[in-house]
Amino acid sequence: MMTAAGLLVLSGCGGGGDDASSSRPAESASKIKVGFSQIGAESDWRVAETASIKAEASSRGVDLRFSDAQGKKENQIRALRNFITQGVDAVILAPVDSTGWDPVLEEVKDAGIPVILVDRGIETTDDSLYNTLIASDFTEEGRMAGRWLAEKTGGDAKIIQLEGSPGADPAIERKNGFEEVVDQHDGMQIIASQTGDFNQEKGQEVMEALMQQYGDQVTAVYAHNDNMALGAIQAIKDAGRKPGEEILVISIDAVRSAFEAMQAGELNCTVECNPLLGPMAFDAVERILAGEEIEKQTVVQDQLFDREGITEEIVASRQY
Ligand code: AHR
């Protein structure tokens, strides 16, 4: 089921950083037109996801309409409405948070445009408002981090948790999964838990304040993403302590800079969350437009990297 190609409308794309550079009218008339509403560029992970989707669109000859919401949900809602006006054939959405999407997704559905959710899920009373979700199992990622820490410490740790952005699916589920494991061990305790917004500077700032308050007690930091962990590592060093030794540091994403921190002995482990979703997202777009039945959810498989097992080959093979 493909919508009519329609007229190319590029104006009026308010809010966020819309990128119309790939949209030349003469060329785009015969191409599949896909709108991609991205959250922003708050982390290395997200930059890698954007690059993957743009590269895949380009290699398949898709006319991609990209909109960077700069972390703001209202910009994503505006982008979705602009995609309707532009007559896109499909929408790829990475939702900044998990609730409140039904009204705008109803508009997208009424326009006959399929929706592919990537990376984060939403809470909805009507599952027909999106066609498929391609994402990691964030709860399991949290559990993997928790199990690693429990094993490493024999179930004895005083933990600072740096949470992702409030209301975001990965922040909620990585917290739930990790705390599920912590609750199984009497000697494990979360002594402080605050948001660092998935952002390195904010992670550092929050950790600086927490080190002043809990620096004499903390034995481990669990960050919901690598960038916040890297910020925390700096704060721990600034406080005169040794990250990775005196204070264990674990996080999620497995971006290149996390591998460098593991090689430097400052990060203990990272749980992969694969951002290279471009190929799967466009496979889904093509299958839906070809009228195929498509699975409601694809769970991306992740693994844990412990710094003890890191080799030059592993680091060299990383793609993001
Ligand atoms: O939704 C995935 C998360 O969002 C990544 O872990 C984080 O780095 C990003 O900002």
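Three nonpolar, two polar and six charged residues make up the shell around the ligand, where Ala, Val, Leu, Ile, Met, Phe, Trp, Tyr, Cys and Pro count as nonpolar, Asp, Glu, Lys and Arg as charged, and the others, Gly among them, as polar. The model is predicted, with local features needing pLDDT of at least 70 and side-chain atom pairs counting only at pLDDT 80 or more, while totals for chains, interfaces and linings use all residues. Residues are numbered from 1 along each chain as its sequence is written, and side-chain values use heavy atoms, leaving out hydrogens and water.

The residues around the ligand (a heavy atom within 4 Å of it) are Glu42, Ser43, Trp45, Arg46, Asp119, Arg120, Pro170, Arg174, Phe198, Asn225 and Asp253. Because domain 1 (7–136 + 274–301) and domain 2 (138–272) both contribute to this shell, the ligand lies between them; the domain bounds come from an automatic or database domain assignment.

The table gives distances from a ligand oxygen atom to a side-chain N or O atom, and a polar contact is a pair of N or O atoms within 3.5 Å.

| Residue | Distance |
|---|---|
| Serine 43 | 3.0 Å |
| Aspartate 119 | 2.5 Å |
| Aspartate 253 | 2.5 Å |

Methods: A polar contact is a pair of N or O atoms within 3.5 Å; within protein, one must be able to donate a hydrogen and the other to accept it, and residues adjacent in sequence count only if both atoms are side-chain atoms.
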